[in-house]
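Trainee: Hi! Could you walk me through this one while I look at it?
Mentor: Happy to, let's go.

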Amino acid sequence: MVDNIINDSILIGKDREQVINLLGYDDLKNDDSTPTYFSYIVDIEKNIGPLGFGGKWLFDLNIAFDSITNKVVYVNCRD
């Protein structure tokens, strides 16, 4: 799902309300009424440790908004 969101540019051009309707509220719990980015913790099925026995390796799905138009301009996933 994360790959589809990024590769298909599903969120590009959407406003904050549309992103929240699709993904829910972000994990940062921003107090700012107009944050410039959202971040969601995601599991992309990677494990840590020898042979993957160390547990889940969680990543952040980061969504950046243009400060003037308040629309999504950039989406990435990082550990």
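Trainee: Let me begin with isoleucine 6. Which residues is isoleucine 6 in contact with, leaving aside neighbours within four places in sequence?
Mentor: Isoleucine 6 is in contact with Leu61, Val75, Asn76 and Cys77 once those neighbours are left aside. Contact here means heavy atoms within 4.5 Å.

Trainee: Before I go on, what kind of model is this?
Mentor: This is a predicted model, where local features need pLDDT of at least 70, side-chain atom pairs count only at pLDDT 80 or more, and totals for chains, interfaces and linings use all residues. Residues are numbered from 1 along each chain as its sequence is written, and side-chain values use heavy atoms, with hydrogens and water left out.

Trainee: Thanks! Where is isoleucine 6 placed?
Mentor: Isoleucine 6 sits in helix α1. Helices are DSSP runs of H or I with at least four residues, strands are runs of E with at least two, and both are numbered from the N terminus.

Trainee: And how far apart are isoleucine 6 and valine 75, in sequence and in space?
Mentor: They are 69 residues apart in sequence, and 6.1 Å apart in space from C-alpha to C-alpha.

Trainee: Is isoleucine 6 buried, exposed or partly exposed?
Mentor: Isoleucine 6 counts as partly exposed because its relative accessibility is 26%. Buried means under 20% relative accessible area, exposed means over 50%, and partly exposed is in between, using a 1.4 Å probe and protein chains only.

Trainee: Let me zoom out. How many helices and strands does the protein chain have?
Mentor: The chain has two helices and three strands, and along the sequence they follow the pattern α-α-β-β-β.

Trainee: What percentage of the 79 residues count as buried?
Mentor: The buried share is 23% of the 79 residues.

Trainee: Now the strands. In what sense do β2 and β3 pair?
Mentor: They pair in the antiparallel sense, over six bridges. Two strands pair if DSSP finds at least two bridges between them. Leucine 61, for example, stands opposite cysteine 77 in β3.

Trainee: What do β2 and β3 form, and how many residues are between them?
Mentor: They form a hairpin with six residues between them, and asparagine 70 in the turn has a positive phi of about 60°.

Trainee: Why point out a positive phi?
Mentor: Because most residues other than glycine have a negative phi. Asparagine 70 has a positive one although it is not a glycine. At 29% relative accessibility, asparagine 70 is partly exposed.

Trainee: Where is serine 9, which has a positive phi too?
Mentor: Serine 9 is in the loop between α1 (2–7) and α2 (16–23). Its phi is about 55°, although serine 9 is not a glycine. Serine 9 also counts as partly exposed, because its relative accessibility is 40%.

Trainee: Switching to rings: how many aromatic pairs are there?
Mentor: The count comes to two aromatic pairs. In one, phenylalanine 38 and tyrosine 40 are edge-to-face, at 6.4 Å centre to centre with 80° between the planes. The rule is that rings of Phe, Tyr and Trp (its six-membered ring) pair if their centres lie within 6.5 Å; planes under 30 degrees apart are stacked, over 60 edge-to-face, and the rest tilted.

Trainee: And what about phenylalanine 38 with phenylalanine 65?
Mentor: That pair is edge-to-face as well, at 4.9 Å centre to centre and 70° between the planes. Phenylalanine 38 lies in strand β1 (residues 37–47) and phenylalanine 65 in strand β2, so the pair ties together parts that are 27 residues apart in sequence. Ring pairs link Phe38, Tyr40 and Phe65 into a cluster.

Trainee: Are those three buried or exposed?
Mentor: Phenylalanine 38 is buried at 4% relative accessible area, tyrosine 40 is buried at 7%, and phenylalanine 65 is buried at 5%.

Trainee: Last topic, serine 39. Which side chain does serine 39 join through a polar contact?
Mentor: Serine 39 joins the side chain of asparagine 62, with a polar contact of 3.0 Å. A polar contact is a pair of N or O atoms within 3.5 Å; within protein, one must be able to donate a hydrogen and the other to accept it, and residues adjacent in sequence count only if both atoms are side-chain atoms. Serine 39 is in strand β1 and is buried at 8% relative accessibility.
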